[in-house]
Amino acid sequence: MAFFPDVPVIKYEGPDSTNPLAFRHYNPAEKVDGKTMAEHLRFAVCYWHTLCGSGSDPFGPGTMSRPWDDQGGSPLDVALRRVDVMFELLAKLQVPFYCFHDRDIAPEEKTLAETNKTLDKVVAKLKQKQQETGVKLLWGTANLFSNPRFVHGASTSCNADVFAYAAAQVKKALEVTKELGGTNYVFWGGREGYHNLYNTDLKREFDHLAKFLHMAVDYRNKIGLDAQFLIEPKPKEPTTHQYDSDAAACMAFLRTYGLEKEFKFNLETNHATLAGHSMFHEMTYAASYGMLGSIDANRGDELIGWDTDQFPTNLYTTTQMMLVILNAGGLGRGGLNFDAKVRRESFEPVDLFHAHIGGMDAFAQGLKIASAIRKDGLLSKFVKDRYSSWDAGIGADIESGKATFESLEAYMLQKGDAEKNTSGRQEMLENIVNRYIK
Ligand code: XUL
Ligand code: CO
């Protein structure tokens with residue numbers, strides 16, 4: 001049975017196509033720099049927004065028309081039907097990966113034991129669908145934020161029992177990720193943070209978060225789960241201050257607690273902008289330290305101060321992201337997961353296709369633009385020349401550790417003043433980038 005009877009398999013028709021249900025840039029088999037677009041971009045669809053998003057907001061209930069949810073049966077029946085919907089969508093979009101939280105794919109029951117049993121039933125169906133289609137799980141994760149028991153956080157809760165519950169839940173989610181061959185496992189902080197410091201023992205909560213992650217690493221190793229662990233930074237929402245604020249804060253946390261070798265980052269565009277950074281900054285920072293793991297692709301709204309999770313369409317952003325990815329040698333075992341939701345007003349099933357097509361084309365175009373920029377090498381040459389004073393002479397002495405404050409003073413007393421500075425040429429470089437945006 002088809003859930004999207006009017007939607008064909010989305011095909012590449014080229015930049016001049018006016019067919020809204022076609023790719024204009026994403027051509028999975030087309031090679032760019034020796035790799036296919038599919039290999040470069042490694043797209044994933046997320047379960048939570050795409051299949052579970054209702055369109056509700058603080059002012060009103062859901063608006064989404066999702067006929068497959070209205071066809072009756074128990075919550076488990078609905079969950080099993082959604083698996084078919086997801087795999088039809090993936091096939092029609094030619095997307096090779098998907099991601100989920102445990103609670104997206106199966107309903108919660110009265111006890112943890114019953115919940116795990118129900119989860120296993122859906123996992124069995126997902127596994128069968130993966131085998132039939134060749135689709136893979138990019139990452140799994142656990143929802144440690146929706147249920148009211150997590151009101152004060154999960155591993156950072158003031159209630160030790162909640163830490164224990166979260167541990168049991170993540171243990172199961174790791175097992176499920178292994179069962180489905182997931183290549184990554186994501187830790188997004190959920191409610192790990194605080195609203196107010198009057199009631200918070202910040203240091204104790206950080207210690208508990210680290211203890212939790214060490215236990216997760218131990219269990220991953222124990223069961224032989226071959227998945228890269230990823231921390232997903234976000235500065236605020238739902239809490240006022242999330243502990244995993246941004247890539248730099250996460251780096252400091254991981255190093256403080258001896259976890260830096262076990263984790264990389266899953267960076268999300270709208271989280272970067274909420275932190276007051278560009279995604280270009282977050283990705284460049286992570287890549288500089290070998291911590292670029294995977295991407296949650298979306299965008300915020302310049303006029304709204306919360307996590308709007310819109311589909312990415314901005315070519316400057318996708319170009320900058322693809323520049324960092326290409327410079328880093330690719331996404332490795334990570335991918336580009338659309339952690340994005342259609343607007344409340346875009347309530348028809350076909351809108352899910354328009355949204356993903358737009359996002360995929362924006363990244364395919366960004367890939368082509370970034371590749372052309374790299375091929376001409378104007379930006380990289382400019383940066384290399386800009387730092388040339390460090391390649392020899394006094395710069396090389398400083399970098400190699402030969403110089404001291406005394407030797408630098410002697411050098412400068414003899415020279416009298418520093419060499420003249422040269423222009424940073426920001427405007428010229430921005431103009432150069434505009435030459436490639438087409
Ligand atoms: C929340 C968010 C999550 C994570 C997975 O802002 O991005 O959906 O990606 O827990
Ligand atoms: Co995310």
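A residue counts as near a molecule if one of its heavy atoms lies within 4 Å of that molecule. The exercises below concern a predicted model, in which local features need pLDDT of at least 70, side-chain atom pairs count only at pLDDT 80 or more, and totals for chains, interfaces and linings use all residues. Residues are numbered from 1 along each chain as its sequence is written, chains are lettered from A and ligands numbered from 1 in the order in which they are written, and side-chain values use heavy atoms, with hydrogens and water left out.

**Exercise 1. Describe the surroundings of ligand 1.**

Step 1. The residues around the ligand are Trp48, His101, Trp139, Trp188, Glu232, Lys234, Glu268, His271, Asp296, Asp307 and Asp339.

Step 2. Sort this shell by class, with Ala, Val, Leu, Ile, Met, Phe, Trp, Tyr, Cys and Pro as nonpolar, Asp, Glu, Lys and Arg as charged, and the others, Gly among them, as polar. The shell has 3 nonpolar, 2 polar and 6 charged residues.

Step 3. Look for polar contacts (here, pairs of N or O atoms within 3.5 Å). An oxygen atom of ligand 1 lies 2.6 Å from a side-chain N or O atom of His101. For Glu268 the corresponding distance is 2.8 Å, and for Trp48 it is 3.2 Å.

Step 4. Consider the accessible area, computed by the Shrake-Rupley method with a 1.4 Å probe. Ligand 1 taken alone exposes 290 Å², of which the protein buries 94%.

**Exercise 2. Characterise the largest cavity.**

Step 1. On a 1 Å grid over the protein atoms alone, a cavity is a set of points where a 1.4 Å probe fits but cannot get out, and lining residues have an atom within 4 Å of a point. Grid points are joined across faces, edges and corners, and the volume is the space filled by probe spheres set on the points.

Step 2. The whole structure yields 1 cavity of 30 Å³ or more; the volume of the largest cavity is about 40 Å³.

Step 3. Its lining includes Lys234, Glu268 and His271. Strand E12 (263–268) and helix H9 (269–274) are the elements that give two or more residues to this lining; such helices (H or I, at least four residues) and strands (E, at least two) are DSSP runs, numbered from the N terminus.

Step 4. By class, the lining comprises 5 nonpolar, 2 polar and 4 charged residues.

**Exercise 3. Explain what the aromatic pair of Phe187 and Phe229 ties together.**

Step 1. Rings of Phe, Tyr and Trp (its six-membered ring) pair if their centres lie within 6.5 Å; planes under 30 degrees apart count as stacked, over 60 as edge-to-face and the rest as tilted. The structure holds 24 such pairs.

Step 2. Phe187 and Phe229 are edge-to-face, at 5.1 Å centre to centre with 70° between the planes.

Step 3. Because Phe187 belongs to strand E8 (residues 184–188) and Phe229 to strand E10 (residues 228–232), the pair ties together parts that are 42 residues apart in sequence.

**Exercise 4. Locate the cis peptide bond from Glu237 to Pro238 and the positive phi of Gln94.**

Step 1. Most residues other than glycine have a negative phi, and most peptide bonds are trans.

Step 2. The bond from Glu237 to Pro238 is cis, with omega near 10°. Pro238 is in the loop between E10 and strand E11 (241–242).

Step 3. Gln94, which is not a glycine, has a positive phi of about 55°. Gln94 sits in the loop between helix H3 (75–93) and strand E6 (97–101).

Methods. Polar contact = N/O pair within 3.5 Å; in protein donor to acceptor, adjacent residues only side chain to side chain. 1 Å grid on protein atoms, 1.4 Å probe; cavity = no way out; pocket = protein on both sides within 12 Å on 5 of 7 lines; lining within 4 Å.
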